[in-house]
Amino acid sequence: MEELSNKINNIKKRYRDIFLKTVDAIHARVEEIRPSGVEGDVFDKFEENSKGKQWQRAVLDMFENDICHEIYRKWNEILEYRKNFHCNGCATCCNLACSEFSPEELKEKAKNGDKFAAQFTKIFVPYNSVQEAEMIYPEYLKLLSDTLDEDVYFYHCPMLDDCKRCSAYENRPEICRVFPDNPLSILPESCGFYQWRLEVEPVALMLHSMVEIIDYYKQKIPILEERMARGQEDRL
Ligand code: SF4
Ligand code: SF4
């Protein structure tokens, strides 16, 4: 278990390091387009029609038109590269699926139109207890519980037969066909996509951190707030 905890701590540390580098890289791009003579921070309040306000608009445009497109393109490259790897039928993901949502919450989400929740609740049933799930794959369960900060619930699929084969293979739902479609999914070492995840992890973590940082900028640059307030005023 020592080795496993180290692995988890290493992922968290790698993400922290990448996150800090990305903060610097995005900050540098914001500074690159600072108009001459503008003092202060991009999060400050500037007068309407001032150079500072133009800078804030340019920063938001750069996120929207350049950086978000770069993230999208890179993410698609990662998914394209996934085609070089294949499911080997180890059945771990059928036997031990996890979700941050309880069965009741998933049903509620499905009722409200969430397509993933609808498919998930159609095939997966919850384990009666964490201990029951633990018996299936103790190492993977520990990896999942320790990596995710929030509570997790464990599920299994009754379509899996005694030979660990999917009894509904031809008609298996979309979520089974595309799994794992996220390079940051926690995968067991037995998974045929484990190597894919290892190879693309640094770039995927960087893209994830870019999204988080851009969201932060978007929330803190006062322009959006003003736009929303203006929109509300217009509607009154
Ligand atoms: S439907 Fe088949 S592929 Fe999907 S989780 Fe169940 S056993 Fe696995
Ligand atoms: S864990 Fe990976 S290799 Fe195993 S059944 Fe699921 S997708 Fe296939």
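How many nonpolar, polar and charged residues make up the shell around ligand 1? The legends below take up this question and then move on to other parts of the model, which is a predicted one.

**Figure 1. The surroundings of ligand 1 in the predicted model.** The residues around ligand 1 are Cys-94, Ile-123, Cys-157, Met-159, Leu-160, Cys-166, Ala-168, Arg-172 and Cys-176. Sorted by class, this shell holds eight nonpolar residues, no polar residues and one charged residue.

**Figure 2. The surroundings of ligand 2.** Ligand 2 is surrounded by Cys-87, Asn-88, Gly-89, Cys-90, Ala-91, Thr-92 and Cys-93, together with Phe-179, Cys-191, Gly-192 and Phe-193. By class, the shell around ligand 2 comprises seven nonpolar and four polar residues, with no charged residue. One of the surrounding residues, Cys-93, has its place in helix α3, which covers residues 92-95. Cys-93 counts as buried because 21 other C-beta atoms lie within 10 Å, where the cut-off for a buried residue is 20 or more. Although Cys-93 and Phe-179 are 86 residues apart along the chain, their C-alpha atoms are separated by 8.5 Å.

**Figure 3. Backbone features at Ala-91, Phe-179 and Lys-164.** Most residues other than glycine have a negative phi, and most peptide bonds are trans. Ala-91, in the loop between α2 and α3, is not a glycine and yet has a positive phi of about 70 degrees; with 18 C-beta neighbours inside 10 Å, Ala-91 counts as partly exposed. Phe-179 and Pro-180 are joined by a cis peptide bond, with omega at about -5 degrees, and Pro-180 lies in the loop between α8 (174-178) and α9. Lys-164, in the loop between β3 and α8, also has a positive phi, near 60 degrees, and is exposed, with 12 other C-beta atoms within 10 Å.

**Figure 4. Tyr-153 and its contacts.** Tyr-153 lies in strand β3, which runs over residues 153-156. Is this residue, Tyr-153, buried or partly exposed? Tyr-153 counts as partly exposed because it has 19 C-beta neighbours inside 10 Å, whereas a buried residue needs 20 or more. Leaving aside neighbours within four places in sequence, Tyr-153 is in contact with Cys-98, Ser-99, Phe-101, Ser-102, Pro-103 and Pro-126. The last of these contacts, Pro-126, is 27 residues away along the chain, and the C-alpha atoms of Tyr-153 and Pro-126 are separated by 7.5 Å.

**Figure 5. Helix α9 and its kink.** Helix α9, made up of 27 residues (194-220), reaches 37 Å from its first C-alpha to its last, which is close to the 39 Å expected at 1.5 Å a residue. A kink of about 55 degrees lies at Glu-201 in α9, shortly before the proline Pro-202. The buried residues of α9 include Trp-196, Arg-197 and Val-200, as well as Leu-205, Ser-209 and Tyr-217.

**Figure 6. The chain as a whole, and the confidence of the prediction.** The chain contains ten helices and three strands, and 17% of its 236 residues count as buried. Of the contacts in the chain with a separation of 6 or more, 71% are accounted for by residues 24 or more positions apart. The average pLDDT of the chain is 88, and 88% of the residues score at least 70. Among the elements, helix α2 (residues 51-81) has the highest mean pLDDT, 96, and helix α10 (residues 222-235) the lowest, 60.

How values were computed. Residues numbered from 1 in each chain as written. Chains lettered and ligands numbered in written order. Predicted model: local features only at pLDDT ≥ 70, side-chain atom pairs only at ≥ 80, totals over all residues. Helix = DSSP H or I, 4+ residues; strand = E, 2+ residues; numbered from the N terminus. Contact = placed C-beta atoms within 7 Å. Near = placed C-beta within 6 Å. Nonpolar A, V, L, I, M, F, W, Y, C, P; charged D, E, K, R; others polar. pLDDT = per-residue confidence, 0-100. Expected span 1.5 Å × (residues − 1). Bend = angle between axes of the 7 residues up to and from the residue.
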